[in-house]
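This briefing sets out the architecture of one protein chain for a reader with the coordinates at hand. The points are grouped by topic: helix packing, sheet, core and individual residues.

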Amino acid sequence: MFYGEIKKCDIANGSGVRVSLFVSGCRNHCPGCFQPETWDFAYGRPFTKETESEIFQALRPSYIQGLTVLGGEPFEPENQKELLPLLKKIREQLPNKDIWMFTGYVLDQDLLDGGKKHTEQTDEILSMIDVLIDGPFVEELKDITLQFRGSSNQRLIDVPASLKACQVIEYVPAF
Ligand code: SF4
């Protein structure tokens, strides 16, 4: 897996102060995407053991609420394979940090069993995510007033509650 950037003090991509990992590679190709350079799976730098240590180091301070993974597209199968061990380690070693993820795919159409991006890793990845922002960017539905989203079709999803209820449950930020 390659990544374009790690933001170590990010307040734009989730609640609180966060570490954000921008992975490379996206096949959604949404018209109007604001970062088409990240569609390339070889964009940026390779994700190595050193990168993982850098992320852990950045996550440790108590003022950091958690990790956000965005892209590019975290749910491309190539990226899921590499993200699963990272998320597992975070859950084991830093259980107080929350995990947010952005995807251009749609949870109940593409990521659940039978969906076009459901892989051997997907269920386990979803089980470790607190909040998922899903759906492609749709230029005609662009709305700059939306929190954490670019267009109004995109949803903020409470993943644990949704998996428990077997239906999509919206996440409502506390601020
Ligand atoms: S999913 Fe995100 S990165 Fe991929 S094309 Fe759409 S807006 Fe761009």
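Helix axes are here lines fitted to C-alpha atoms over the stretch in contact, and angles run from 0 to 180 degrees between N-to-C directions. In those terms, helix 1 and helix 2 pack at an angle of about 35 degrees, and their axes lie 12 Å apart. The model is a predicted one. Its sheet is open and comprises seven strands with mixed pairing, and its largest nonpolar core holds 33 residues.

**Packing of helix 1 and helix 2**

- The crossing of helix 1 and helix 2 is right-handed.
- Helix 1 contributes Lys49, Glu52, Phe56 and Leu59 to the contact, where they meet Leu86, Lys89, Ile90 and Gln93 of helix 2.
- By class, the residues of this contact divide into four nonpolar, one polar and three charged.

**The sheet**

- The strand order of the open sheet is 3-1-2-4-5-6-7.
- The edges are formed by strand 3 (45–46) and strand 7 (155–158); each has a single partner strand, so one side of each has no neighbour in the sheet.
- Strand 3 pairs with strand 1 in the antiparallel sense over two bridges, and Phe2 stands opposite Pro46 of strand 3.
- Helix 1 packs on the sheet, where it touches strand 1, strand 2, strand 3 and strand 4, and its direction makes about 15 degrees with that of strand 1.
- Helix 2 also packs on the sheet, in contact with strand 2, strand 4 and strand 5; its direction makes about 160 degrees with that of strand 5.
- Strand 1 and strand 2 run antiparallel and are joined by five bridges, with Ile6 standing opposite Leu21 of strand 2.
- Six residues lie between the strands in the hairpin of strand 1 and strand 2, and Gly14 in this hairpin takes a positive phi near 140 degrees.

**Nonpolar cores**

- Within the largest nonpolar core, the residues that touch the most other members are Leu21, Leu67, Phe75, Ile129 and Leu132.
- At least two residues of this core come from each of strand 1 (2–10), strand 2 (17–23), helix 1 (49–59), strand 4 (64–70), helix 2 (77–93), strand 5 (98–102), helix 3 (107–111) and helix 4 (122–127).
- Helix 2 supplies the largest share of this core, namely five residues.
- Another core, of nine residues, lies apart from the largest one; among its members are Trp100, Val131, Ile133 and Phe148.
- Leaving aside residues up to four places away in sequence, Phe75 touches Gln80, Met101, Thr103, Tyr105, Leu111, Lys117, Thr122, Ile125, Leu126, Ile129 and Leu132.

**Two partly exposed residues**

- Glu82 is located in helix 2, and its relative accessible area of 34% makes Glu82 partly exposed, a class that lies between the limits of 20% and 50%.
- The C-alpha atoms of Glu82 and Val168 are separated by 26 Å, and the two residues are 86 residues apart along the chain.
- Leu112 is in the loop between helix 3 and helix 4; with a relative accessible area of 30%, Leu112 is partly exposed.
- Residues up to four places away in sequence not being counted, Leu112 touches Leu107, His118 and Leu126.
- Leu112 and Ile125 are 13 residues apart along the chain, and their C-alpha atoms are separated by 11 Å.

Conventions. Residues numbered from 1 in each chain as written. Predicted model: local features only at pLDDT ≥ 70, side-chain atom pairs only at ≥ 80, totals over all residues. Heavy atoms only, no water. Core = buried A, V, L, I, M, F, W, Y, C linked by side-chain atoms within 4.5 Å. Buried < 20%, exposed > 50% of the residue type's maximum accessible area, 1.4 Å probe, protein only. Helix = DSSP H or I, 4+ residues; strand = E, 2+ residues; numbered from the N terminus. Contact = heavy atoms within 4.5 Å. Left-handed = near helix turned anticlockwise from the far one by under 90°. Nonpolar A, V, L, I, M, F, W, Y, C, P; charged D, E, K, R; others polar. Pairing = 2+ DSSP bridges.
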